Amino acid sequence: MNIVVCIKQVPDTETRIELNSDSSGIVTEGIKWVMNPYDEYAVEEALKIKEKFGGKVTVVSMGPERTIEAIRTALAMGADEGILLNDPAFENSDSLTTALVLSKVLSQMEFDVILTGKQAVDLDSSQVYAGLAEFLDLPYVSVIVGMELFPDVKKAIAKRETEGGEKEIIEVSLPAIFACQKGLNTPRYASLPGIMKAKKKEIKKLGLPDLCLNPEHVGKTGSRSKTRKYFFPPQRKAGIKIEGEIPEATAKLVELLRGEAKII
Amino acid sequence: MPGIWIIAEHKEGRFKKITFELLSLGKKIKEKNKEEICTLLLGSNIENLTPQLGPYGAEKVFLLEDEILKDYTNESYTRLIVDLARTHNPSILLGGATAQGKDLLPRVAARLNTGLASDCVNVEIQDDGLLRITRPVYAGKVLMEVVIPDSKPQMAAVRPNIVEVLPRDDSQKAEVIKCKPDMRKDDLKSLLKEVLKGESKKIDITEADIIVSGGRGMKARENFKILEELADAFGEGTAVGASRAAVDSDFAPHDIQVGQTGKVVNPTLYIACGISGSIQHLAGMSTSKYIVAINKDPDAPIFQKADYGIVGDLFEVVPLLTGEVKKLKAEG
Ligand SMILES: Cc1cc2nc3c(=O)[nH]c(=O)nc-3n(C[C@H](O)[C@H](O)[C@H](O)COP(=O)(O)OP(=O)(O)OC[C@H]3O[C@@H](n4cnc5c(N)ncnc54)[C@H](O)[C@@H]3O)c2cc1C
Ligand SMILES: Nc1ncnc2c1ncn2[C@@H]1O[C@H](COP(=O)(O)O)[C@@H](O)[C@H]1O
């Protein structure tokens, strides 16, 4: 089994976000960067597949130089190889354009399964896997909380979370893309020997020329959706703490909900 | 023929509320761009649903009915929607940021090679015909404004409960255009085999108007019963939610988890019981219209975001609250 995992490096969700002077993006200095939490489930699932069927796990990420750290984390967990897609021209790509860049390298590789996270927690798009599916002409199952492979018949069964606690069982032909949700597995921590080994593993770096891409088709120019600006939401102000004995306070609350908030 | 296209969503013979929300949004857009509002309705045995669309603003309904469409898959639905869009070139295509919409719209956008804004909290049309779309990013800490200037249709996945449903006008009827889907099971690479039902809940938290949510402070699974009772007192449209700490401690199922790794909810009223108010929890509920916090720690961060707070033991407050709500409801 050849398994490819697409990962993204994102700010740790605890990190404070500041906007740059022209509000075109966030201040990237002083941020703690981590592997997108959902991508950890994807890496873990890839390793489990490899443990069961043998094969190779390759991690691919498009991003700035610092993304190497996220790739190293995946290698330390046990992935075999890493590829960093890095070129100034890729900056500010939207989801579809990101998928285009990723698809260029994937189309040169052999794979049976592609794993991604269900969303990157920076821009929360949940689109990249769908774009990949289109460029590579593959099926995908999103928001999966379970999967099983049947390599001899080139099929997989995946369990997908929908709404109201409902789950769909979907059969797809391989190769296919799976976008992972929490609950799929418990990602392992990198062991110390794993971290040592990861230092020696190869991380290939590819740029625009290596992928035969036209600079017009990537980055902000190539993107169909354009970000105009970022801004902070109106801050919720702390409201009223209702004082007094609990029974009175509760009665007061209900009164406020009816009177001011017009609920009930 | 341009147009404002809306993907209808239905389940078990009923439209989801998002369908009417999208139609209402469509009407607002139409005020400016004067284009026709068309609804795409896919499924099997659904023709009887079509009369409900006109009164909410649909002028045309593309009805795609076939046994093969009984079960949604992104593959089959994408193919049919894209074929229609290629024929008619709508300028705008809207869907819900629901489980189905989030799975479907990105694939439609990719195939049409156009832009899609996910999980939008505001969509307005400008004089130049461009949608100005707002969506939360970085766990809701920041908002982003997006436009899709160079490709058609402009696509947006709109969060449920963001748009107010405009009153229906029963004199309005939509023209129904039946399209015969040309598709065979053998053509498809993915197939829905089975649906596993969840614990039967009245309503999904993403659609709820009032959410009563419990955190680690609930201490045990059984105790969620008092939240259920409060939810029942509020009546229809109310659901019970949970923090991740409550879910991880197995007090509540994962599908009612609110927050960054759970669901994003948007109710009129969110009541947080024994929830501290972590960044990741807030990411899922901070756009609620009213937030009530019940927490015994006066310094809990949730009070910084709550419109109304009671400092106290939830096991005392919640049952009293249930009583008060019941009393009011009884008074009518
Ligand atoms: C990547 C990532 C993703 C995450 N995603 C989510 C997510 O989607 N959703 C989410 O909720 N969390 C998420 N978390 C976890 C989050 O950081 C917090 O740990 C979690 O929200 C805490 O839940 P809590 O408020 O229920 O528990 P706690 O923080 O332990 O708070 C419990 C509260 O209950 C109060 N309390 C206790 N007993 C009583 C009583 N008898 N009466 C009244 N009050 C009482 C306490 O004063 C306290 O404030 C995520 C974390 C990470 C790192
Ligand atoms: N720049 C990137 N490089 C590699 N994989 C990515 C990148 N961006 C997104 N992905 C993958 O696509 C998933 C969904 O991301 P998104 O569509 O951006 O929410 C992520 O969880 C990753 O697995």
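This is a short talk on two ligand sites, two sheets and a few unusual backbone spots in a predicted model.

Hi everyone, thanks for coming. Please keep in mind throughout that we are looking at a predicted model.

Let me start with ligand 1. Which residues come nearest to ligand 1? The shell holds 26 residues, and the nearest are B:Arg216, B:Ser243, B:Thr261, B:Ser276 and B:Asn295. If you like to think in residue classes, that shell divides into 15 polar, six charged and five nonpolar residues. Three helices of chain B each supply at least two residues to it: H5, covering 244-248, H6, covering 279-285, and H7, covering 314-331. Hold on to H7 of chain B, please, as I will come back to that helix.

Now for the polar contacts of ligand 1. On the oxygen side, a polar backbone atom of B:Arg244 sits 2.9 Å from an oxygen atom of the ligand. For B:Gln260, a polar backbone atom is likewise 2.9 Å from a ligand oxygen. There is a nitrogen contact too: a nitrogen atom of ligand 1 lies 3.1 Å from a polar backbone atom of B:Lys296. As for burial, ligand 1 on its own exposes 980 Å², and the protein buries 80% of that area.

On to ligand 2, which brings us to chain A. How many residues surround ligand 2? The count is 18, with A:Cys6, A:Asp39, A:Ala120, A:Ser126 and A:Gln127 as the closest. By class, we have nine polar, seven nonpolar and two charged residues in this shell. Strand S4 (56-62), helix H3 (95-106) and strand S6 (113-117) of chain A each contribute at least two residues. Of the contributing elements, S4 of chain A gives the most, with three residues.

For the contacts here, A:Asp39 uses its side chain: one of its polar side-chain atoms is 2.5 Å from an oxygen atom of ligand 2. A:Ser126 uses its backbone instead, with an N or O atom 2.7 Å from a ligand oxygen. At A:Ser125, a polar backbone atom lies 3.3 Å from an oxygen atom of the ligand. Taken alone, ligand 2 exposes 480 Å², and 97% of that is buried by the protein.

Let's move to the sheets. A quick reminder: strands of a sheet pair through backbone hydrogen bonds, in either a parallel or an antiparallel way.

The first one I'd like to show is an open sheet of six strands with parallel pairing, in the order S13(A)-S18(B)-S17(B)-S16(B)-S14(B)-S15(B). Its edge strands are S13 (240-241) of chain A and S15 (238-242) of chain B, each pairing on one side only. Within this sheet, S14 (residues 210-214) and S16 (residues 269-273) of chain B are joined by five bridges in the parallel sense. One bridge pair to look for is B:Ile211 with B:Tyr270 in S16(B). And here is H7 of chain B again: this helix lies across S16, S17 (290-295) and S18 (308-311) of chain B, at about 135 degrees to S17(B).

The other sheet is open as well, with four strands in the order S12(A)-S10(B)-S9(B)-S8(B), and its pairing is antiparallel. Why do S12 (226-231) of chain A and S8 (122-125) of chain B each have one side without a neighbour in the sheet? They stand at the edges with a single partner strand each, so one side is left open. On average, neighbouring strands here are turned by 25 degrees against each other, ignoring direction. Five bridges connect S9 (131-137) and S10 (142-147) of chain B, and B:Arg135 stands opposite B:Met144 in S10(B). Helix H1 (residues 17-33) of chain B packs on this sheet, touching S8 and S9 of chain B, with its direction at about 20 degrees to that of S8(B).

Last stop, the backbone. Most peptide bonds are trans, and most residues other than glycine have a negative phi. Against that background, the bond from A:Leu174 to A:Pro175 is cis, with omega near 0 degrees. A:Pro175 sits in the loop between strands S9 (167-173) and S10 (176-180) of chain A. Chain B has a cis bond between B:Lys152 and B:Pro153, where omega is about -10 degrees. B:Pro153 is in the loop between S10 and S11 (154-158) of chain B. Finally, B:Glu12 is not a glycine, yet its phi is positive, at about 45 degrees. You will find B:Glu12 in the loop between S2 (10-11) and S3 (14-15) of chain B.

That's my tour. Thanks for listening!

Notes
Residues numbered from 1 in each chain as written. Chains lettered and ligands numbered in written order. Predicted model: local features only at pLDDT ≥ 70, side-chain atom pairs only at ≥ 80, totals over all residues. Heavy atoms only, no water. Near = heavy atom within 4 Å. Polar contact = N/O pair within 3.5 Å; in protein donor to acceptor, adjacent residues only side chain to side chain. Areas by Shrake-Rupley, 256 points an atom, 1.4 Å probe, with all protein chains shown as cover. Nonpolar A, V, L, I, M, F, W, Y, C, P; charged D, E, K, R; others polar. Pairing = 2+ DSSP bridges. Axes fitted to C-alpha atoms, helices over the stretch in contact; angles between N-to-C directions. Contact = heavy atoms within 4.5 Å.
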